[in-house]
Amino acid sequence: MVTPSAILMLASVLGAAGEAERPNILFIMADDHGYQAISAYGHGINETPNIDRLAKEGMRFDRAFVTNSICGPSRAVILTGLYSHLNGFKTNNDRFDGSQQTVAKILRTSGYQTAMIGKWHLVSDPTGFDYWHILQGQGPYYNPRMKTPEGVVPHTGYTTDIIGDLTLDWLQNKRDPDKPFFLMCHHKAPHRNWQPSPKYLHKYDDVQIKEPETLFDDYSNRTRAAAEQEMTVAKHLSPNDLKLIEQRGLNDEQAEAWNAAYGPKNRAFEEAKLEGDELVRWMYQRYAKDYLRCIAAVDENVGRVLDYLETTGLDKNTIVFYTSDQGWYLGEHGWYDKRWMYEESFRTPLLIRWPGHTPAGSVNTDLVMNLDFAPTFLQAAGVPVPEQMQGEGMELILNGQPVPDWRKEVYYHYYEYPQPHRVQPHYGIRTDRYKLIRFYGIDQWELFDLQEDPHELTSIYGRADMVAVQQDLQSRLIKLRDKYQDHEPDE
Ligand code: CA
């Protein structure tokens, strides 16, 4: 029986715990940062000591997936906890309907101070945030003019550092110490065209970046989709991407640093007159080094923010997420960019540190998704998750507990076609071991056994010994499409 005194006692406990005990949520997201380029994932091509701190002190997710591997749509999924067909933002040509329910709005109503800094990329202005200071569209790497409710603010400097500065300024000077906060810090880097900071223009000058095993993939043994795309290192990087022409948007001082760095390298390249595979290898090195140089600045700025949390003691009651809006091809299959349901772009890096919850140095292999972030923020804040949200709160997983009824399959749907990279629209299912993909525009299927063929080089769809597996996956796929209310295309 609940007595009045028990109620009083409960009220006083809650009062004592109060707002101070509700955790702050710091969500740091990069743009196009593949897990291959975070040293905590062990691929050995670069060092990200600051991002790695979250893995050492928290949980690394090795099977975190996105629902639609592209910039704007991923952001809309994270804000709404809904698949693209329900939040209305299916391709980068769409405009986010900011009148819909978002996790920022719910947290704000629940007493959180909310802030959004950096890349937004949803066309309409942010809603649900007490403070926002965002890049316009993709935003440049240098000297961004950023948008705020009060108007456009010009900045001079390197965008990754500026986003770090703005994040620290908000924490130091704009945060309300009487409220828990929900802060989204979204870097533009390492998105194309991979312009490094002056500070890192010479990093990796004396090393060769390890090539992926599938750099020279010939796209045989699959549907025609993989062969028809336009996102190869070999054919689709522009002179601007490769820094073979003068870069726009730099001031005199920045341009001088750039000319000093790229001038000698470009002259050596012209003299070498490379051809064939040698030329592809050179382009891969140029592209990969610039990409990793951009990540060095992201890592440095993650470190600045983590240091601030530790210095102030805020770290003890702050959940920190590090993720990307999706994964990325760092030369795998000969590609740059994302979009596909193949592992490198379907998977996204995810590291979460939640003091008192995530066991230090833990690794999780459950099938989690960016769809789960919004429900997870709400669980952490002790706020009920609206029934219409399609993700699952990850609180138990973050506590290091086994969750036997966790999902056993993930559903994916990509739409944007034909431009900019001619990647056929597709949907599909991935389980622990298999992946079934339907390219519906060309009426083709692919099936991969991820255990036998981790690089997804040979589709075994239609193979006689795969009939039972295929039928099982197809029926599970139909159920998933029903569950998530995805009826497009109507087949
Ligand atoms: Ca992106």
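This section describes the calcium site, salt bridges, selected secondary-structure elements and unusual backbone geometry of a predicted model. Residues are numbered from 1 along each chain as its sequence is written, and side-chain values use heavy atoms, with hydrogens and water left out. Because the model is predicted, local features need pLDDT of at least 70 and side-chain atom pairs count only at pLDDT 80 or more, whereas totals for chains, interfaces and linings use all residues.

The calcium ion has protein donors (N, O and S atoms within 2.8 Å of the metal, or 3.2 Å for Na, K and Ca; water is not among the atoms, so sites may look incomplete). These donors are Asp-31 (OD), Asp-32 (OD), Cys-71 (SG), Asp-325 (OD), Asp-325 (OD) and Gln-326 (OE1), at 2.2 to 2.7 Å from the ion. Along the sequence, the donor residues follow the spacing D-D-x38-C-x253-D-Q. The angles subtended by the six donor atoms run from 52 to 159°, so the arrangement is irregular. Irregular is the class left when neither regular geometry applies: four donors are tetrahedral if all angles lie between 85 and 135 degrees, while four are square planar and six octahedral if opposite donors are over 155 degrees apart and all others between 65 and 115. Ideal angles at a metal are 90 or 180 degrees for six octahedral donors. Two of the donor residues, Asp-325 and Gln-326, are buried, each with a relative accessible area of 0%. Here buried means under 20% relative accessible area, exposed over 50%, and partly exposed in between, with a 1.4 Å probe and protein chains only.

Across the whole structure, 39 salt bridges are found, a salt bridge being a side-chain nitrogen of Lys or Arg within 4 Å of a carboxyl oxygen of Asp or Glu. The calcium donor Asp-325 also takes part in a salt bridge with Arg-75, at 3.0 Å from N to O. Arg-75 belongs to helix 3 (residues 71-80) and Asp-325 to the loop between strand 9 (318-324) and helix 10 (343-346), so the pair ties together parts 250 residues apart in sequence. Helices (H or I, at least four residues) and strands (E, at least two) are DSSP runs, numbered from the N terminus. Arg-75 is buried, at 3% relative accessible area.

A second pair linking distant parts of the chain consists of Arg-53 in helix 2 (residues 49-57) and Asp-307 in helix 9 (residues 276-312), 254 residues apart. The closest N and O atoms of Arg-53 and Asp-307 are 2.9 Å apart. Arg-53 is buried, with a relative accessible area of 15%, whereas Asp-307 is partly exposed at 37%. Within helix 9, Asp-290 and Arg-293 are three residues apart, and therefore separated by about one helical turn. Their salt bridge has a closest N to O distance of 2.7 Å, and both residues are buried. Asp-32, another calcium donor, is part of a salt-bridge network with Asp-337, Lys-338, Arg-339 and Glu-416.

Helix 11 (residues 373-381) is largely enclosed by the rest of the structure, because eight of its nine residues are buried. Among them are Phe-373, Pro-375, Phe-377 and Leu-378. Gly-382, which follows helix 11, has a positive phi near 70°.

Strand 13 is likewise mostly covered, with six of its six residues buried. Glu-409, Tyr-411 and His-413 point one way from strand 13, and Val-410, Tyr-412 and Tyr-414 point the other way. Strand 13 runs antiparallel to strand 14, and six bridges join the two; pairing requires at least two DSSP bridges between strands. Opposite Glu-409 stands Thr-431 of strand 14.

Most residues other than glycine have a negative phi, and most peptide bonds are trans. A cis peptide bond, with omega about 10°, joins Arg-192 and Asn-193; Asn-193 is in the loop between strand 8 (181-186) and helix 7 (225-228). Tyr-204 also lies in the loop between strand 8 and helix 7, has a positive phi near 70° and is buried at 14% relative accessibility. The peptide bond from Gln-419 to Pro-420 is cis, with omega near 5°, and Pro-420 is in the loop between strand 13 (409-414) and strand 14 (426-431). Gln-485, in the segment after helix 13 (467-483), has a positive phi near 60° and is partly exposed, with a relative accessible area of 45%.
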